[in-house]
Amino acid sequence: MPILVENFEGLTRYHVTGSKGDIYLTDISCYWGSGKCNCQDFEIRREPILKLGKAEAMKQAGSEIWPNPKYHCKHLEATFRKIGHELAIQLAVSESRKPKSHDEM
Ligand SMILES: [Zn+2]
């Protein structure tokens, strides 16, 4: 069963249904846009480093890129993928409504 992501509240909170039917809550506004999840993987392996601060989390990840996938559980990955997919659809639809003079796409 694929992971299902549904918007829950506002623009940043999502319900994520895992492959075994288990439901988690993600919020991508937490930890400077890296996001938070209430699964064990996030709370035990990833969140303790985030609680040390963004600079320390970047140092431990060995990268200035933020958000860093090192701090994403599979539910946060699925949430970001879903948002990216929805944004792509919105961009494509809004582009397709613009009059085109240079081609007939
Ligand atoms: Zn999670």
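1. A quick definition to start: a residue counts as buried if 20 or more other C-beta atoms lie within 10 Å of its own. By that yardstick, buried residues make up 20% of the 105 residues in the chain. Please keep in mind that this is a predicted model.

2. Now for the overall layout. The chain holds four strands and three helices, and from the N terminus on their order is β-β-β-β-α-α-α. The radius of gyration is 17 Å, well over the 13 Å that the globule rule gives for 105 residues, so the chain is more spread out than a compact globule. Along the principal axes, the C-alpha atoms fill a box of roughly 55 × 35 × 25 Å.

3. A good place to begin looking is the pairing of β1 (residues 4–9) with β2. These strands run antiparallel and are joined by five bridges; Glu 6, for instance, has His 15 in β2 as its bridge partner. Three residues lie between the two strands of this hairpin, where Gly 10 takes a positive phi near 60 degrees.

4. Strand β2 also pairs with β3 (residues 23–27), again antiparallel and through five bridges. Here Val 16 has Tyr 24 in β3 as its bridge partner. The hairpin of β2 and β3 has five residues between the strands, and Gly 21 in the turn has a positive phi of about 85 degrees.

5. Which residues of β2 lie on its covered face? They are Tyr 14 and Val 16, while Arg 13, His 15 and Thr 17 form the uncovered face. In a regular strand, side chains alternate between the two faces of the sheet.

Terms used:
Residues are numbered from 1 along each chain as its sequence is written. This is a predicted model: local features need pLDDT of at least 70, side-chain atom pairs count only at pLDDT 80 or more; totals for chains, interfaces and linings use all residues. The radius of gyration is taken over C-alpha atoms; the globule rule is 2.2 Å times the number of residues to the power 0.38. A residue is buried if 20 or more other C-beta atoms lie within 10 Å of its own, exposed if 12 or fewer, and partly exposed in between; C-beta atoms are placed from the backbone. Two strands pair if DSSP finds at least two bridges between them.
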